[in-house]
Every structure is written in structure tokens, then in C-alpha cells.
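User: Could you take a close look at one part of this model for me? I would like to understand the salt bridges and what surrounds them.

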Amino acid sequence: MRTVPAPPVAARRSEALTGAVAAEWTRLVSIRTTWWTLLAGVLLMAATSAQLAIYVQNSNTSADPTDDRGVVTVGSVLIDALDLTQYAVLALGLLAVTSEYATGTIRSTLTATPSRGTVLAAKAVVTGAVTFAFGLLLGLVGVAAAVPVLGPWGRTPVAATVGDVLAVAAYLALVGVLALGLGAVLRSAVLSLIVLLAVLMIVPLSLQEPDITVLTRIADGFPGVAGRHFLTGDGDPYPAVVGLLVLAGWAAVALAAGRWALRRRDA
């Protein structure tokens, strides 16, 4: 009897990852909380962008000339709106793993795919893809909400606006993966969200507040600040691409820590 050779290890791993990605996608879209989170993100972006556009219009039309902001780009309004809207995306990243620990379905997931590295990789692929696509949608929603409100006080250069929307999507995909990795480490959605809030905003703002150069440079290494440098492309203290790489580094470290936690601890 002729024996059929086993498929190469790389092929088996690729097949396992493909199956895990399909299972993760099915799980994520079947959870009602996912859709409520997406809806919340869209509403937040629309409301925040419109409100920021109103601020621009009011400052330029008020009787006090000292607060005039002048004509602004729609992209700048879109980026400012992320300060609040990003937390809907962070919640989406956390849901990809913490919801399974909360319900106990993580045991079924790990039974179906024993390789914990494969499980986390599949979650990262799906989370990154979903949050990137969601970021594109949020970018378009923000632009649509801000343009009519800004009126003559807004500029919408096509190439720059498209670039801003793509940058927003890339930023949200990376912070979504960062949230996923941290959620795999901490397992609790509430605790993970608190830590993310501290890392993205509270700690770097506290370091920047005294206006001491050393502390400011330390803050520049945090993911939220690095992401801001990437989005605005201000070039100070480093080019936009460095901000993107710093943010990607945080996401990679979070995933590595999540993989270590998954392998070390019981489900």
C-alpha cells in the first residue's frame, strides 16, 4: 500500500492559521456587542467631528479676534476627533479576546486550535483588518460630518484628505492590535481599558505638562504621542514614519506579551 506523505510543516501551519482566521471572523461578527461598538464609533466620530467644526466656525465668527483659528483642513478636524473616537476601536480590540475569557469560550477556541500562537495570530489578523476597514469608514464619516459645518473655514484638498483618512485607518488598526495584545495579558476588559487610557493619554500628558525637555522626550516614546506625530506629520521630534514605527513597535510588544501569557497560563 502506498503511503501518502504528510504535508510540509509550513503548509500545515498555514492551513491551521487560515482555519483559525475564519473561525475568529465568524465569532467576531456573530457577537452583538461588536455591532453596537461599531455603531457607537460611527456616532462618536460624526458627533465629535461636527462639534469640532462648530468650534472652528464660532472662533472665526466671534467678536473676539484673538481666538480666530483661520481656515483649517478637514483632515486636522478628523485627527482631533480621534482623541475620543479611538476608544470605540480599543473596545473592539479588547472584545476579540476578553469576551472569550468572560464567557469561558476561550477553552473551546484553544481546543479547536491548540497552538496558542496561532490563535493569537488569527485574532491579530482579524482585528487589524476589521479596525483598518472601520478606520476608513470613520474617516469618511468624519469628513462628511465636518465639511458642511466648516463651510468657508474648511479646506478639503483631495490628496491630503485621502492621505489623512488612510493614516487614521492605519493608526486605529495598530491601536486595535495593541488593545488585543494587552487584553490577552490582562484578560479583563475594564482593567485593560484603564491601562490603555493611562498609556495612551494620562501618562504622556503628565510627562508633557511640566514642559521639561527630558520628560517630553520620554512622552514622545509612548504610543499615543507617537501616533499623533504620525497623523499630523509635524516632523518634531522625529519624522512621521518614525511615529508609525514606534506605534507598531508597541503593538508588536503587546502581541508578544499576549502570546507569552497565553502559553504560560491556563485558559
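Analyst: Happy to help; here is a walk through the salt bridges, followed by the helix that carries one of their partners. Please keep in mind that this is a predicted model.

Seven salt bridges are counted in the model. A good place to start is Glu24, whose side chain pairs with that of Lys123 at 2.9 Å, N to O. Glu24 belongs to helix H1, residues 9-30, while Lys123 belongs to helix H5, residues 116-150, and the two are 99 residues apart, so this salt bridge links distant parts of the chain. Are these two partners buried or exposed? Glu24 and Lys123 are both buried.

Helix H1 takes part in another pairing, this time through Arg27, whose side chain meets that of Glu100 at 3.7 Å, N to O. Glu100 sits in helix H3, residues 74-103, and Arg27 in helix H1, so the bridge ties together parts of the chain 73 residues apart. Here again, Glu100 and Arg27 are each buried.

Elsewhere, Asp220 and Arg217 form a salt bridge with an N to O distance of 2.9 Å. Its two ends are covered to different degrees: Asp220 has 5% relative accessibility, so it counts as buried, and Arg217 has 42%, so it counts as partly exposed. Back in the first group, Glu24, Arg27, Glu100 and Lys123 are joined into one network by salt bridges that share partners.

Now to helix H5, the home of Lys123. The axis of H5 comes within 9 Å of the axis of helix H10, residues 240-264, and the two cross at roughly 140 degrees. The crossing is right-handed. On the H5 side, the contact is made by Arg116, Gly117, Leu120 and Ala124. On the H10 side, Leu255, Gly258, Arg259, Leu262 and Arg263 meet them.

For a contrast with the charged pairs, there is also a nonpolar patch on the surface, about 360 Å² and made by Phe132, Val158, Val162 and Leu166. Helix H6, residues 158-186, contributes the most to this patch, with three residues. Val162 is found in H6, and at 45% relative accessible area it is partly exposed.

To pull the main thread together: Glu24 and Lys123 connect H1 with H5, Glu100 and Arg27 connect H3 with H1, and the four residues belong to one salt-bridge network.

How values were computed:
Residues are numbered from 1 along each chain as its sequence is written. This is a predicted model: local features need pLDDT of at least 70, side-chain atom pairs count only at pLDDT 80 or more; totals for chains, interfaces and linings use all residues. Side-chain values use heavy atoms; hydrogens and water are left out. Helices (H or I, at least four residues) and strands (E, at least two) are DSSP runs, numbered from the N terminus. Buried means under 20% relative accessible area, exposed over 50%, partly exposed in between (1.4 Å probe, protein chains only). Patches are made of residues with over 30% relative accessible area and no salt bridge: like charges are joined within 9 Å, nonpolar side chains (Val, Leu, Ile, Met, Phe, Trp, Tyr) within 5 Å. Accessible areas come from the Shrake-Rupley method with a 1.4 Å probe; for residues, only the protein chains shown count as cover. Axes are lines fitted to C-alpha atoms, for helices over the stretch in contact, and angles run from 0 to 180 degrees between N-to-C directions. A crossing is left-handed if the near helix is turned anticlockwise from the far one by less than a right angle, and right-handed if clockwise. Contact means heavy atoms within 4.5 Å.
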